[in-house]
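User: I would like to learn how to read the features of a structure such as this one. Please give the general idea each time, then the case at hand.

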Amino acid sequence: MKALPKPRKEPRQARSQQMVDLILEATARVLAKNGYARTNTNLIAERAGVSVGSVYQYFPNKDSLIVAVHERHARQMVRVIDTILSGSGNGTLREQIAAMVRAWLAAHLVDPELHRVLERDLPFLDPPHDGNPSDQSIFDRVRRLLEERCDQITLTDRGLATWVVVNMVKSLVHAAVIEPPRLAALADIECAITDAVMGVLVGTTTIARSVVEETT
């Protein structure tokens, strides 16, 4: 994999950090509105209210700005996931799976317009599973949960079960954010994804009634 572009230099003072934060927020907004192809440093500088020279002082090109925005977005997602899961307690298997689904949905809705552009135009920026903090955190949590509740699930291969659960949730959450189902409330989406995962783990589902009603 080709090395991703990095900032020209790191801010050392609070004032410099504020400028970099302003530039990155402007990059996120321009990117979310225009997509990758129509984003450029002139538009970013104009949105941030700074000169193009100020942008180039810290970032050598557009791609280095977008990589920095992608990394900032990933950190925001990790914080949301950790916050929700830290308060999920020690509930039932279903409650724990539901908390993970809720956390992942919330993380992907931190900045949905930006997330759609990053996923659609720049999927190559996503690091491999074992290099992605949010993915690795979820994978480890699911594996621990399935080990603890091994007597409740039908899949005997815990590693495979973890892989199935993580990729099911990831795929369905991405779909819910990128192309959300028409007229479905977020709570119903969460319930439907949880039902699907529980169906794989224990062989039973209880499809959300409101989802069924909307599709019949």
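Analyst: Start with the helices, which are DSSP runs of H or I with at least four residues, numbered from the N terminus. The model is predicted. In this numbering, Arg141 is found in helix 7.

User: How many helices and strands are there in the protein?

Analyst: The protein has ten helices and zero strands. Along the sequence the pattern reads α-α-α-α-α-α-α-α-α-α. Of the contacts with a separation of 6 or more, 70% are between residues 24 or more positions apart.

User: Is Arg141 buried, exposed or partly exposed?

Analyst: Buried means under 20% relative accessible area, and exposed means over 50%. Arg141 has a relative accessible area of 23%, so Arg141 is partly exposed. Asp82, Leu85 and Met100 are touched by Arg141, leaving out residues up to four places away in sequence. Sequence distance and spatial distance are separate readings: Arg141 and Gln96 are 45 residues apart in sequence, and their C-alpha atoms are 9.8 Å apart in space.

User: Why does Asp111 count as buried?

Analyst: The same cut-off of 20% applies. Asp111 counts as buried because its relative accessibility is 14%. Asp111 is in the loop between helix 5 and helix 6 (112–121). Arg29 and His73 are touched by Asp111, again leaving out residues up to four places away in sequence. With Arg29 there is also a polar contact, side chain to side chain, at 2.6 Å. Over the protein, buried residues make up 40% of the 216 residues.

User: How should I read a nonpolar core, and which residues have the most contacts inside the largest one?

Analyst: In soluble globular proteins, nonpolar side chains tend to be buried together. In this model the largest nonpolar core has 29 residues, and Ile97 and Val169 are those with the most contacts inside it. Helix 4 (62–86), helix 5, helix 7, helix 8 and helix 9 (186–202) each supply at least two residues of this core. Helix 5 gives the most, with nine residues. Outside the residues up to four places away in sequence, Ile97 touches Leu145, Val165, Thr194, Val197, Met198 and Leu201. Another core lies apart from this one and has 25 residues, including Val20, Ala45, Leu122 and Leu125.

User: How many cavities of 30 Å³ or more does the count give, and what lines the largest cavity?

Analyst: A cavity is space where a probe fits but cannot get out. The count comes to one cavity of 30 Å³ or more. The volume of the largest cavity is about 40 Å³. Its lining consists of Ile97, Met100, Trp104, Ile138, Val142, Val165, Val166 and Val169. By class, that lining has eight nonpolar, no polar and no charged residues. Helix 5 (93–108), helix 7 (133–148) and helix 8 (158–178) each supply at least two of the lining residues. Ile97 and Val169 thus turn up in the cavity lining as well as in the largest nonpolar core.

User: What classes of residue line the second largest pocket?

Analyst: A pocket, unlike a cavity, is an open set of points. The second largest pocket holds about 250 Å³ of space. Of the 14 residues that line this pocket, Glu10, Val20, Leu24, Ala68 and Arg75 are the closest to its centre. Helix 1 (14–34) and helix 4 each supply at least two residues of the lining. By class, the lining of this pocket has six nonpolar, one polar and seven charged residues.

Methods. Residues numbered from 1 in each chain as written. Predicted model: local features only at pLDDT ≥ 70, side-chain atom pairs only at ≥ 80, totals over all residues. Heavy atoms only, no water. 1 Å grid on protein atoms, 1.4 Å probe; cavity = no way out; pocket = protein on both sides within 12 Å on 5 of 7 lines; lining within 4 Å. Points joined across faces, edges and corners; volume = space filled by probe spheres on them. Nonpolar A, V, L, I, M, F, W, Y, C, P; charged D, E, K, R; others polar. Core = buried A, V, L, I, M, F, W, Y, C linked by side-chain atoms within 4.5 Å. Buried < 20%, exposed > 50% of the residue type's maximum accessible area, 1.4 Å probe, protein only. Contact = heavy atoms within 4.5 Å. Polar contact = N/O pair within 3.5 Å; in protein donor to acceptor, adjacent residues only side chain to side chain.
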